[in-house]
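Student: I am new to this structure and should like to understand how its descriptive terms are justified. May we go through them one at a time?

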Amino acid sequence: MHIRLAAVLPTCAALLLGGAPAVADTPITYTDQGRALFSFAVPDFWAVRTGGPREIEDTELGDPRAVARVIGVRPVTDDGAWMGFVSPAGVASIDGGLRYLQDIDKFLVKDPNVSETVTTQIGGLPARVIRGTGTREGRGVNFTATVIDLPRDRVAVIIAVLRDGADPAYVDDLNAVFASFRSAQ
């Protein structure tokens with residue numbers, strides 16, 4: 001079989017110069033003790049960072065707070081958007097997830113002002129979504145805190161932060177990550 005290079009080049013050039021864009025997101029699976037709990041897709045050109053369970057200290061009260069394994073994602077080129085995913089052990093319901101958020105909220109967003117709380121479904125599972133504004137590292141942010149009720153007495157807690165002045169296209173990326181969320185159980 002012989003392929004003529006002259007016939008292929010115009011097709012490749014058309015795709016590279018604005019033809020149909022390719023969509024290639026990276027699937028990520030959150031596991032705990034070897035058991036898959038949920039998965040989601042990270043957009044291209046977003047970085048993934050993981051960390052195991054740890055304790056962070058409340059500097060005002062001096063008491064440690066347990067934080068479950070965290071998977072964080074953000075655009076590679078700037079810090080205008082960020083998402084964090086956890087599934088804290090021992091938290092078995094949406095109400096428990098909301099209490100967990102109250103324990104760690106000061107580490108996520110300072111001076112939070114909740115503008116909306118919605119009960120919905122994400123990935124076909126019951127969820128509670130809290131939207132609002134605040135500050136993070138001295139800059140204004142919009143945030144979404146989400147608790148998703150997973151099977152087998154677990155929850156997924158997802159925080160999405162969009163800094164003031166961030167590229168508005170990040171909203172589409174954040175929404176696509178939420179749309180890709182699936183329980184692994």
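Tutor: Let us begin with a pocket, bearing in mind that this is a predicted model. The lining of the second largest pocket draws at least two residues from each of β8 (110-122), β9 (125-136), β10 (139-150), β11 and α3 (169-180).

Student: How many residues line the second largest pocket, and which are the closest to its centre?

Tutor: The space in the second largest pocket is about 340 Å³. Its lining has 18 residues, and Arg-131, Thr-144, Ala-160, Asn-175 and Phe-178 are the closest to the centre. By class, ten residues of the lining are nonpolar, seven are polar and one is charged.

Student: What makes Ala-179 count as buried or exposed?

Tutor: Ala-179 belongs to helix α3. A residue is called exposed when its relative accessible area is over 50%. The relative accessibility of Ala-179 is 54%, so Ala-179 counts as exposed. Its C-alpha atom is separated by 7.2 Å from that of Ile-122, although the two residues are 57 apart along the chain.

Student: Why is strand β7 called largely enclosed?

Tutor: Buried means a relative accessible area under 20%. Six of the six residues of β7 (residues 81-86) are buried, and the strand is therefore largely enclosed by the rest of the structure.

Student: Which residues show that both faces of β7 are covered?

Tutor: In a regular strand, side chains alternate between the two faces of the sheet. On one side of β7 are Ala-81, Met-83 and Phe-85, on the other Trp-82, Gly-84 and Val-86, and all of these are buried.

Student: How do you know that β7 pairs with β6 and with β11?

Tutor: Two strands pair if at least two bridges are found between them. Strand β6 (residues 70-75) and β7 have three bridges and pair in the antiparallel sense; here Ile-71 stands opposite Phe-85. A hairpin of five residues joins β6 to β7. Between β7 and strand β11 (residues 154-163), also antiparallel, there are six bridges, and Gly-84 has Ile-159 as its bridge partner in β11.

Student: What is known of the burial of β6, and of its pairing with β3?

Tutor: Five of the six residues of β6 are buried, and the strand is mostly covered. Strand β3 (residues 46-51) pairs with β6 in the antiparallel sense over six bridges, with Val-48 opposite Val-73.

Student: Which residues of the largest nonpolar core touch the most other members?

Tutor: That core has 48 residues, and those that touch the most other members are Phe-38, Phe-40, Met-83, Phe-85 and Phe-181. β11 gives the most to this core, namely eight residues. Leaving aside residues up to four places away in sequence, Met-83 touches several others, among them Ile-71, Val-73, Ile-159, Leu-174 and Phe-178.

Student: What is notable about the phi of Gln-33 and of Asp-153?

Tutor: Most residues other than glycine have a negative phi. Gln-33, in the loop between β1 (26-32) and β2 (35-42), has a positive phi near 55°. Asp-153, in the loop between β10 and β11, likewise has a positive phi near 55°.

Student: Why are Gln-33 and Asp-153 called exposed?

Tutor: The cut-off for exposed is over 50%. Gln-33 has a relative accessible area of 80% and is therefore exposed. Asp-153, with a relative accessible area of 56%, is exposed too.

Note on methods
Residues numbered from 1 in each chain as written. Predicted model: local features only at pLDDT ≥ 70, side-chain atom pairs only at ≥ 80, totals over all residues. Heavy atoms only, no water. Buried < 20%, exposed > 50% of the residue type's maximum accessible area, 1.4 Å probe, protein only. Helix = DSSP H or I, 4+ residues; strand = E, 2+ residues; numbered from the N terminus. Core = buried A, V, L, I, M, F, W, Y, C linked by side-chain atoms within 4.5 Å. Contact = heavy atoms within 4.5 Å. 1 Å grid on protein atoms, 1.4 Å probe; cavity = no way out; pocket = protein on both sides within 12 Å on 5 of 7 lines; lining within 4 Å. Points joined across faces, edges and corners; volume = space filled by probe spheres on them. Nonpolar A, V, L, I, M, F, W, Y, C, P; charged D, E, K, R; others polar.
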